[in-house]
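Colleague: Could you walk me through this one? I'd like to start with the strands and then move on to the surface.

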Amino acid sequence: MKSDIHPDYHDITIVMTDGTTFKTRSCMGKEGDTLRLDIDPKSHPAWTGVQRVIDTGGQVAKFNKKFAGIGSRKK
């Protein structure tokens with residue numbers, strides 16, 4: 001392997017949506033950083049079967065505004 005081309009691999013803390021935490025190793029951030037998850041297997045519809053609309057930063061509203069006129073005919 002070449003030296004000095006690989007990122008630093010260190011311990012970080014993951015915080016799930018329900019507040020539980022666990023430690024893992026990652027290249028993200030620095031040693032001891034915390035990663036807070038917005039969606040995880042405990043809250044994602046693919047695993048829970050419960051649909052929930054998550055609109056972060058008004059993305060759904062922005063999409064609807066941008067594409068509101070599509071499909072309507074102009075005379």
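Colleague: Which residue in E2 does His10 stand opposite?

Modeller: In this model, which is a predicted one, His10 stands opposite Ser26 in E2. The two strands involved, E1 and E2, pair in the antiparallel sense, and they do so over six bridges.

Colleague: And what is the order of the strands in the sheet?

Modeller: The order is E2-E1-E3, in an open sheet formed by three strands whose pairing is mixed. Strand E2 (21-26) and strand E3 (34-36) each have a single partner strand and stand at the edges, so one side of each is left without a neighbour in the sheet. Direction ignored, neighbouring strands of this sheet are turned by 35° against each other on average.

Colleague: Changing topic, which residues form the nonpolar patch on the surface?

Modeller: That patch is made by Phe63, Phe67 and Ile70, which together have about 330 Å² of accessible area. Ile70 lies in the segment after helix H2 (59-66).

Colleague: Is Ile70 buried or exposed?

Modeller: Ile70 is exposed, because its relative accessible area is 62% and the cut-off for that class is over 50%.

Colleague: One more, on the backbone: what is the phi of Asp4?

Modeller: Asp4 has a positive phi, about 65°, although it is not a glycine. Most residues other than glycine have a negative phi.

Colleague: Where does Asp4 lie, and is it buried or exposed?

Modeller: Asp4 lies in the segment before strand E1 (10-15), and with a relative accessibility of 80% it counts as exposed.

Terms used: Residues numbered from 1 in each chain as written. Predicted model: local features only at pLDDT ≥ 70, side-chain atom pairs only at ≥ 80, totals over all residues. Heavy atoms only, no water. Helix = DSSP H or I, 4+ residues; strand = E, 2+ residues; numbered from the N terminus. Buried < 20%, exposed > 50% of the residue type's maximum accessible area, 1.4 Å probe, protein only. Patch = residues over 30% accessible without salt bridge, like charges linked within 9 Å, V, L, I, M, F, W, Y side chains within 5 Å. Areas by Shrake-Rupley, 256 points an atom, 1.4 Å probe, with all protein chains shown as cover. Salt bridge = Lys/Arg side-chain N within 4 Å of Asp/Glu carboxyl O. Pairing = 2+ DSSP bridges. Axes fitted to C-alpha atoms, helices over the stretch in contact; angles between N-to-C directions.
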